[in-house]
Amino acid sequence: MADTSKKQRLDQGGTDGPRISVQEAMPTYYAKLFPTQHMVKWLSYGNDSKHAQADSHFFNRREFCFTLQGDIFVRYQAFKDGAALQEAILRRCPDKIDIGPVYSANPMDRHKFGVAFHPEERELVFDIDLTDYDDVRTCGSGGHICGKCWPLMSVAVKIIDKGLRDEFGFKHILWVYSGRRGIHCWVCDPSARQLSDEQRSAVASWFAMYKGHEEGKARVALLGGNMHPAVERAAGILRSAWVQTLLPAQQLLEDGPQCEALLRYLPEEGLVETVRKKWTEASRSRNAGNMDVNVVRWRALEEAVNERVREERSKKGVVNFKVLGPLERCVDEIIMAHAYPRLDMEVSKKMNHLLKAPFCVHPKTGKVCVPLDPNTVDDFDPVDGVPTVTSLLGELAAAKEAAEGGKRSAPVRLSCQLYATASSPASPRHMGAGSMQRRPYLPRLAGASTYYQYSSPGAAAVQPSNQPGPS
Amino acid sequence: MQFLATTKPGAAEFTSQLGGNAARKGNERMFSDLSMYSTPPSENITLEEFERLALARLSVLKEMEAYRLRHSNKTEKEYLDKLNQLKQKHMKGLTASAAAAAAAAGASGAAATSAAREEEVRADNISHYVLRLAYCRTAELRKWFLVQECEMFRLKFGMYSAQEHEDFLSEHAPQYKLVPHAELLSVRDAIVKVMRSNLETREAISRVENFGRDDADAKSKGPRSTADARELEPKFYKVAWTLVPELVSQRRVLLRGGWAYVSREALAPLVVAEFRTGVSRGLSEMARRWRQMFPAEEEQRLQPLVASLTNRSLVADYSGVATRYGDVSAANLPQVAARHFPLCMGHLVSQLAAERHLRHGGRQQLGLFLKGIGLPMEEALVFWRSMFAPRCTGEAFDKQYAYNIRHNYGREGKRTDYTAHKCTTIVGSSGGPGDHHGCPYRRLDESALRAALGRLKCDDRKVEEAVSKARDGHYQLACAAAFEGVHRVPEMDVGISAPLQYYAESRRICAERESAAVQGAAAAATEAAAAAATAATAADAGGDPAAAAAADAGKEQRGVKRAAAGDSTPGAAR
């Protein structure tokens with residue numbers, strides 16, 4: 001079989017062997033690395049247990065959608081258990097696996113039920129794509145992603161994550177790198193899974209500040225000069241990220257169309273002039289240039305706006321709020337317009353929207369959709385820090401070679417390794433010296449009140465998967 | 001007629017079969033003009049009254065809907081006034097016993113008013129339930145009825161006084177607990193921020209702001225002011241956020257750990273939501289048990305009557321457009337688009353032609369509209385494939401886009417027959433920088449809008465009118481102004497509420513003008529072998545009613561008529 005020959009090639013080649021294409025690598029990836037059983041355990045929410053309240057048909061009502069090679073969608077797939085799912089994945093070797101809602105009946109039998117067939121339960125999901133930021137990022141567009149635009153994603157993760165926890169009271173939140181140019185979020189709390197479409201829309205709107213484009217400017221809903229506490233919190237996160245990472249990375253204030261576009265947010269022509277004057281002064285007086293030019297210019301802009309605000313305030317008579325309002329707002333407006341998370345609202349609004357499963361492999365880039373830790377999201381490197389299917393298979397081969405020298409058997413170890421990098425936050429109890437062992441997210445089980453944990457035998461011995469295995 | 005003379009159990013009995021609720025009858029306090037409609041009426045009424053009440057309520061609902069569509073920027077107060085005026089017009093003195101009651105109580109005014117009020121409540125309840133029965137049959141009807149009823153309820157409840165609110169709330173929503181004093185103090189500042197961000201009145205804000213601060217002051221001022229302070233004390237309710245999605249989506253509440261802090265004033269949506277679920281559940285329950293709804297012996301008489309209620313549509317329905325002007329194909333689409341499409345669709349067509357691509361929102365908005373004007377699915381596939389052509393190969397098109405087009409036509413997936421977007425949907429839709437869908441009067445800046453209208457050969461004066469309307473946020477009025485400018489007609493009596501309406505009106509006007517011109521030309525031809533110039537004059541003289549009405553725009557009219565005559569002459573010759 002082609003499958004075995006590929007495996008042999010891998011085994012012989014090891015890490016230094018010939019590169020193989022993503023498609024070729026997928027059967028092996030699915031057979032040896034893809035964590036089907038863990039996925040099933042997660043999506044069963046305890047209903048796979050012997051618990052009295054467990055609904056043994058729960059998992060069987062969950063829709064999966066396979067995208068086969070050549071963009072063929074196979075929707076409404078459902079599986080009895082992990083073994084059935086595993087078998088189907090191995091047999092069809094899909095490019096992509098999407099997870100849908102839990103329906104009122106097995107999706108395979110949907111025609112029998114007619115209108116009685118409807119989605120009953122689904123994680124609250126979010127999708128943020130860098131493509132939606134194309135008008136405010138300078139490093140690239142479309143499917144592009146790099147370290148320069150990742151800060152946009154990392155502030156988005158921080159803002160949404162904090163909001164979901166503090167404001168909505170959700171606890172079990174899983175963030176996943178979507179494999180190419182964005183991130184996904186799965187809120188797994190029982191209450192989140194029960195939300196109606198209207199309530200989902202409400203959460204999405206709560207987080208949505210970006211209201212589309214008008215007259216060449218991104219429209220953000222900042223009413224008056226006063227911010228809602230939720231917006232204020234987001235603004236706080238953005239303000240610090242703006243100067244520290246976003247501005248220098250995106251170089252928004254270096255001469256060019258981007259800079260012109262940004263200046264359009266200033267409410268007065270005179271103010272634009274003042275800002276430009278300040279900038280030329282700054283460039284003359286800048287010594288040695290140890291400060292980033294964008295930051296310097298930003299400080300100047302802020303200063304100019306503040307001066308103008310003070311001037312307006314000190315005027316005699318009644319304060320003209322028509323003038324003062326836009327002035328006080330404009331700095332935050334710029335930051336919000338450029339960096340506030342832009343959700344793909346449609347994904348969140350409907351219960352029956354599909355979303356790519358974690359640990360899928362992007363067919364073009366070969367990157368694995370690994371979970372993210374919101375606490376360390378800044379350090380995530382979407383370019384080189386993500387395991388690819390070929391790199392993982394290389395490690396698998398290398399580990400096998402090592403195993404012949406009497407160490408532990410390779411497949412188990414590698415699946416642990418995948419978890420070591422992939423699953424989220426750090427668990428001290430699993431920490432081995434120098435390893436970056438992490439504990440997975442723990443969606444609380446429905447029915448049974450235990451927490452779900454990935455089992456990782458011999459985890460203490462695990463090395464980070466991005467480093468070459470021991471030789 | 002005999003069946004009118006004897007009171008029939010029909011209307012009364014079917015409702016009481018709803019069960020469950022009937023037991024609660026009597027416990028519920030009747031608010032004079034507001035009801036959750038949880039108790040179906042149970043009395044005998046005549047068929048005539050049954051129908052009369054239902055039609056009256058239907059008129060109120062439909063006229064209210066039309067009023068809202070046309071005047072989307074009125075205050076709640078004005079809407080309520082309109083509603084009361086409509087009720088006065090349609091519902092007054094309708095019930096059979098109303099006149100009798102009024103006559104009997106003629107002597108004492110107070111008794112008369114209370115009798116009249118009781119009568120009102122009764123009419124309200126019966127008419128609601130009859131319409132509920134009529135509108136429970138399809139999802140579409142249920143949705144319309146639900147929206148209208150909720151809107152009416154919301155209006156009335158929103159204008160209630162504080163005390164009425166409290167009463168109604170303790171009656172229907174006892175699960176909402178007041179936030180205790182200490183807790184309210186701890187979140188006070190955050191609540192003030194929320195109120196500020198929502199531009200609430202200074203008075204309301206300061207009431208919350210001063211909450212718990214002036215205790216000392218109050219004591220020193222004596223008992224009277226403490227009483228006043230208690231009266232003015234802000235009251236907040238702690239509610240699971242899932243119950244107030246409306247407030248959450250507009251960020252109008254403070255959220256902490258899944259709890260929303262809702263002020264007494266903002267509770268209306270909660271109650272409306274409850275009302276909506278109640279009516280919605282009742283509707284689907286009725287639909288499910290439709291067969292048991294009518295007593296066997298009444299089925300023959302009542303069912304057709306109830307069914308006919310939904311057909312007496314006063315709402316503009318554009319589904320006829322496709323059949324009336326169903327000559328649209330991929331081949332003539334560009335011409336049709338140039339002559340009859342509203343700007344939102346014309347804009348999409350031209351962007352599509354220029355970029356050879358449209359993003360999803362645009363494809364959806366244009367595609368459903370094309371379906372609405374009667375472009376068959378096969379033609380739609382031809383059209384989109386050819387428009388996407390150089391950039392996207394036929395094969396890629398079939399893979400990526402064809403499914404969605406078939407889906408829109410109800411041939412894939414759950415096979416829903418989707419309808420074209422209305423203006424409210426389009427105006428409300430927003431898109432990113434690469435998107436072209438949505439309402440151009442909202443999304444385009446002024447210069448781009450002027451240019452686009454100029455391309456449509458819109459009258460200059462009307463261009464300015466449209467631009468200024470758009471600037472003030474009256475996008476549908478702007479569209480109507482543009483229509484008037486493009487078609488050179490005097491002010492339309494209806495605003496534009498859907499792209500299909502614009503299209504239908506445009507087709508109608510052009511058809512009228514063409515037929516007038518054809519008649520004129522034909523007349524000229526039969527009268528004598530006249531010269532072309534004479535024919536043109538005849539066409540002018542032949543007159544068409546729509547254009548004749550537009551007496552104030554004489555100059556442009558001439559041009560239009562010439563054009564119309566020119567268009568149609570070859571047709572007449574054939």
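**Exercise 1. An aromatic cluster**

Task: In this predicted model, establish which residues ring pairs link into a cluster with W241(B).

Solution: Following the ring pairs from one residue to the next, one finds that F126(A), F168(A), F170(A), W206(A), F207(A) and W241(B) are linked into a cluster. The members carry the chain letters A and B, so the next step is to look at how the two chains meet, given that contact means heavy atoms within 4.5 Å.

**Exercise 2. The interface of chain A and chain B**

Task: Describe the interface by its contacts and buried area, then by its polar and charged pairs, and finally by the elements that supply the side of chain A.

Solution: Step one is the extent of the interface, where 34 residues of chain A are in contact with 29 residues of chain B. The two chains bury about 2,500 Å² between them, and 60% of this area is on carbon and sulfur atoms.

Step two turns to polar and charged pairs, for which the count between chain A and chain B is nine residue pairs in polar contact, both residues being at pLDDT 80 or more, and one salt bridge. That salt bridge is formed by K193(B) and E232(A), whose closest N and O atoms are 2.9 Å apart.

Step three assigns the side of chain A that touches chain B to its elements: α6 (150-167), α8 (197-207), β8 (210-214) and α9 (229-250) of chain A each supply at least two residues. The largest share, seven residues, comes from α8(A).

**Exercise 3. Salt bridges within chain A**

Task: A search of the whole structure finds 59 salt bridges over all chains; for the pairs R193(A)–E121(A), D166(A)–K162(A) and R233(A)–E167(A), work out which parts of the chain each one joins.

Solution: Take first R193(A) and E121(A), whose side chains meet in a salt bridge with an N to O distance of 2.9 Å. Because R193(A) lies in helix α7 (residues 190-193) and E121(A) in strand β4 (residues 119-121) of chain A, the pair ties together parts that are 72 residues apart in sequence. Both R193(A) and E121(A) are buried.

Next come D166(A) and K162(A), which meet in a salt bridge at 2.5 Å, N to O. These two residues are four apart in helix α6 of chain A, and therefore about one helical turn separates them. As for solvent, D166(A) counts as partly exposed at 36% relative accessibility, and K162(A) is also partly exposed, with a relative accessible area of 38%.

The last pair is R233(A) and E167(A), with closest N and O atoms 3.1 Å apart. Since R233(A) lies in helix α9 and E167(A) in helix α6 of chain A, this salt bridge ties together parts that are 66 residues apart in sequence. E167(A) is buried, because its relative accessible area of 7% falls under the 20% limit.

To complete the picture of chain A, a network of salt bridges links E268(A), R308(A), E311(A), E312(A) and K315(A).

**Exercise 4. Aromatic rings in chain B**

Task: Classify the geometry of the aromatic pair F341(B)–Y503(B) and say where its two residues lie.

Solution: Over all chains, a search of the whole structure finds 34 aromatic pairs. In the pair of F341(B) and Y503(B), the ring centres are 6.1 Å apart and the planes make an angle of 70 degrees; because planes over 60 degrees apart count as edge-to-face, the pair is edge-to-face. F341(B) lies in the loop between α18 (333-340) and α19 (343-355) of chain B, whereas Y503(B) lies in helix α29 (residues 499-527), so the pair ties together parts that are 162 residues apart in sequence. Both ends are buried, with relative accessible areas of 2% for F341(B) and 0% for Y503(B).

Two further rings of chain B have a lysine over them: K238(B) lies over the face of W259(B), at 5.5 Å from the ring centre, and the charged end of K371(B) sits over the ring of Y409(B), 5.7 Å from its centre.

**Exercise 5. Chain B as a whole**

Task: Summarise the secondary structure, burial and contact range of chain B.

Solution: The secondary structure comes to 32 helices and four strands, and 46% of the 574 residues of chain B count as buried. Among contacts in chain B with a separation of 6 or more, 70% are accounted for by residues 24 or more positions apart.

Notes. Residues numbered from 1 in each chain as written. Chains lettered and ligands numbered in written order. Heavy atoms only, no water. Phe/Tyr/Trp six-rings, centres within 6.5 Å; stacked < 30°, edge-to-face > 60°. Buried < 20%, exposed > 50% of the residue type's maximum accessible area, 1.4 Å probe, protein only. Lys NZ or Arg CZ within 6 Å of the ring centre and 35° of its normal. Buried area = accessible area lost by both parts, 1.4 Å probe. Salt bridge = Lys/Arg side-chain N within 4 Å of Asp/Glu carboxyl O. Polar contact = N/O pair within 3.5 Å; in protein donor to acceptor, adjacent residues only side chain to side chain.
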